[in-house]
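Visitor: Please show me the model, and then I will ask how its terms are justified.

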Amino acid sequence: MLRFVLLLGFTLLVVHPLAAAEPKASTSFKLDVMPVFMKYGCNSGDCHGAARGKDGFMLSLFGYDPEGDYYRLLEEHPGRRVNLVAPSESLLLQKATGNVTHTGGKLFTEQDEAYRLLFQWLAEGAKPDPEDTPTIQGIRVQPSVIEFAAPGQDTAVKVMASYSNGSQRDVTRWCRFLSSNEAVVGIDEAGNVSGNRAGGAHVFARFSRFTEGSEVVVLPRGESNWTQPPVNNYIDSLVFAKLQKLRIEPSPLASDEHFLRRVTIDLTGTLPTPDEYTEFITSTDPNKRSAKIDELIAREDFAELWAAKWGEWLRIKGDTNPGSGTSMKAAWAFFYWLRDQFIKDRPLDELVADLITGTGSNIRNPPSNFYTMVPQAGSIDPGALGKDVAQITLGIRTGCAECHNHPFDRWTMDDYYGWTSFFTGIQRKRGREAREMLISVDVTARPAKHLIDGTEMPHRFLGGEAPDVTDRDPRKVLATWMTAKENRLFRRNLANRIWHHFFGRGIVEPIDDIRISNPPANEPLLEELGRRLAEEHGYGLRELARDICHSRTYQLSAQTNASNQDDEEFFSHARLRRPRADVLFDCLSQALEYQHRMRRTSKTKAVDLFDGGQRDDYNAYFYSTFGQAPRQSVCACETSDDAKLSQALHLINGDTIERALSRESVLIPALMKTFPNQPRPVIEQLYIRALTRKPSESEWEALLSEWPDTMDVKQQLTFYNNVMWSLLNSSEFLFNH
């Protein structure tokens with residue numbers, strides 16, 4: 001009987017049509033079978049790659065654990081999923097071809113190459129790969145740059161994989177493809193790229209743990225009418241080179257009034273005063289813009305604004321629980337230490353190094369609050385802390401690599417746990433007083449253990465080498481590597497965050513999601529900004545801010561033209577953007593010349609609230625309604641500038657404007673006293689305070705037609721209040737343009 005079964009199995013192998021094909025040298029599970037699983041989505045998160053698998057069968061997500069996949073396929077339930085005697089009867093093939101009910105549906109037919117590979121592997125005995133099986137080292141997408149002369153054209157990419165034995169293989173057939181912007185560029189499952197409309201985008205190929213891409217440019221129809229605009233500095237050269245390539249004409253320069261308002265809000269978080277307006281607009285100095293930039297950057301307001309931004313990223317938030325290490329005293333000390341660093345123009349590399357290596361009392365040594373504010377919990381989770389540090393300092397989100405290799409970036413589980421090892425020795429304990437927390441490091445702490453097999457993973461920099469940390473504080477080793485001038489990850493992250501502040505959009509967007517599959521809109525620009533920040537400016541924030549503001553790119557008008565009206569990412573025109581909640585609040589107060597009551601600060605501005613105003617009971621609703629970060633995470637996405645109906649309703653009916661205009665009015669009565677029964681100078685002052693401009697002729701005509709021709713002071717006051725209310729509720733006031 002046994003002989004008959006074996007003979008039958010042999011006969012099946014011989015007569016199967018694929019078995020008659022030219023034999024292939026030993027089909028590999030890792031090199032041949034695993035790519036099939038990934039190509040057809042078998043190991044994706046919504047199929048067998050889910051945390052608990054699918055329909056009783058589990059694969060590692062995106063194939064991060066091939067040994068485990070081999071075990072579950074062949075050895076977990078022997079004979080259930082594969083039939084080595086009759087390979088074509090294997091459940092693996094029967095379900096994939098739709099011959100047996102399959103939740104994922106029919107994936108391929110018996111004529112497809114995927115079927116041939118799986119069948120051949122089974123026919124060869126489904127052997128495990130030998131130890132010397134070459135491992136993939138990377139992939140390359142060809143061509144690296146694709147240019148379409150007009151929308152509607154198409155071409156194909158080719159993906160080559162390189163292996164540890166020096167060999168290469170065309171793996172295009174087994175890649176997953178995606179586009180960064182489907183509206184501009186599409187790519188199908190076979191790697192065929194199509195230009196859908198004029199613009200720039202990237203297409204990506206995913207194979208094994210690697211994702212690589214090609215830049216695609218789709219030119220508009222017709223001839224280019226490019227006229228080279230004046231160039232102020234290197235920023236303009238790089239931005240305009242990209243625009244010229246895309247045939248996008250930049251907008252003209254913004255007017256002096258628009259420029260003054262924009263640069264003052266961006267650099268100081270305040271509005272220009274009427275005196276500043278008059279001085280700037282009437283000046284005939286051809287270099288007055290440069291002089292204004294230098295003056296604003298030197299102000300203390302500049303430092304306060306950046307302290308507020310970093311306060312959100314670092315999650316500075318006080319509470320009334322003294323045992324958590326986040327007492328209000330600690331939060332206050334941390335914030336004002338941070339503010340002092342920006343006032344002193346401390347280089348960003350030194351500031352970050354102080355944070356990473358913060359040790360001792362969080363009251364007496366404020367930087368050590370980094371380890372009480374970022375991980376706001378009873379104990380430190382090294383993995384969670386490592387993720388937060390990578391996101392803040394490098395702009396990299398490593399969370400996906402905790403349980404599986406990152407599906408859209410280069411980070412593997414090995415990278416994740418090697419990085420986590422830098423934080424396993426950090427300890428916290430109570431200090432002498434209830435509000436105090438002491439931070440220390442155990443240099444003998446064991447490295448993090450890999451999730452799959454429990455192997456201790458030696459300390460390893462993201463994208464770098466494994467340093468020797470024997471008897472050393474790993475954080476100091478990490479800080480030295482991180483803040484080095486040649487560390488592209490660090491310097492590009494900082495440059496991107498700074499750029500975002502002035503344009504409302506990063507060169508990489510979101511600013512803390514830098515990955516291969518989210519490439520920069522202008523790679524040479526980001527690279528040069530990072531290089532200048534580190535190598536020429538010594539990580540000086542003010543110096544890079546000065547470069548950006550001096551550029552013509554920053555000073556372009558928000559008014560678009562026919563070629564750039566659809567541009568949202570290449571900086572061909574200024575972007576309308578609503579200021580941060582605290583900045584908008586301060587601008588409202590300044591325009592109204594009114595000091596709103598605020599709690600927990602002796603300062604007069606919302607940007608100086610050490611914990612972001614969450615405990616400013618008087619104005620907390622305004623801050624939350626206008627998108628202030630709740631500081632629940634380090635994600636920059638917590639700060640929102642989205643427009644909402646609740647915001648409009650609050651400005652229309654809420655007490656932020658109403659109190660200052662009607663109940664406790666100061667500004668308008670003073671102007672009425674200075675200019676009795678003279679509507680023109682009063683209205684002009686209101687426009688300058690709110691919009692940094694004077695009324696247009698049409699506005700004058702409409703306003704004066706509503707002027708109450710009476711000496712009744714109450715009626716005049718009501719008129720002026722209505723004018724100011726209208727200005728403060730206008731889009732022109734609420735957006736920086």
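Visitor: What makes the order S11-S13-S12 an open sheet with edges?

Guide: In this predicted model, three strands lie in the order S11-S13-S12 with antiparallel pairing. Strands S11 (360-361) and S12 (426-430) each have a single partner strand, so each has one side without a neighbour in the sheet. A strand here is a DSSP run of E with at least two residues, and a helix is a run of H or I with at least four, both numbered from the N terminus.

Visitor: How do you know that S11 and S13 pair?

Guide: Pairing requires that DSSP finds at least two bridges between two strands. S11 and S13 (residues 437-441) are joined by two bridges and run antiparallel, so they meet the definition. Glycine 360 has isoleucine 439 of S13 as its bridge partner.

Visitor: Why are S7 and S8 called paired?

Guide: Three bridges link S7 to strand S8 (residues 192-195) in the antiparallel sense. Isoleucine 187 stands opposite valine 193 in S8. Both strands belong to an open sheet of three, ordered S3-S8-S7.

Visitor: Why is glutamate 124 called partly exposed?

Guide: Buried means under 20% relative accessible area, exposed over 50%, and partly exposed in between, with a 1.4 Å probe and protein chains only. Glutamate 124 has 26% relative accessibility, so glutamate 124 counts as partly exposed. Glutamate 124 lies in the loop between helix H5 (113-123) and strand S1 (136-142).

Visitor: What are the ground rules for these values?

Guide: Residues are numbered from 1 along each chain as its sequence is written, and side-chain values use heavy atoms, leaving out hydrogens and water. Local features need pLDDT of at least 70, side-chain atom pairs count only at pLDDT 80 or more, and totals for chains, interfaces and linings use all residues.
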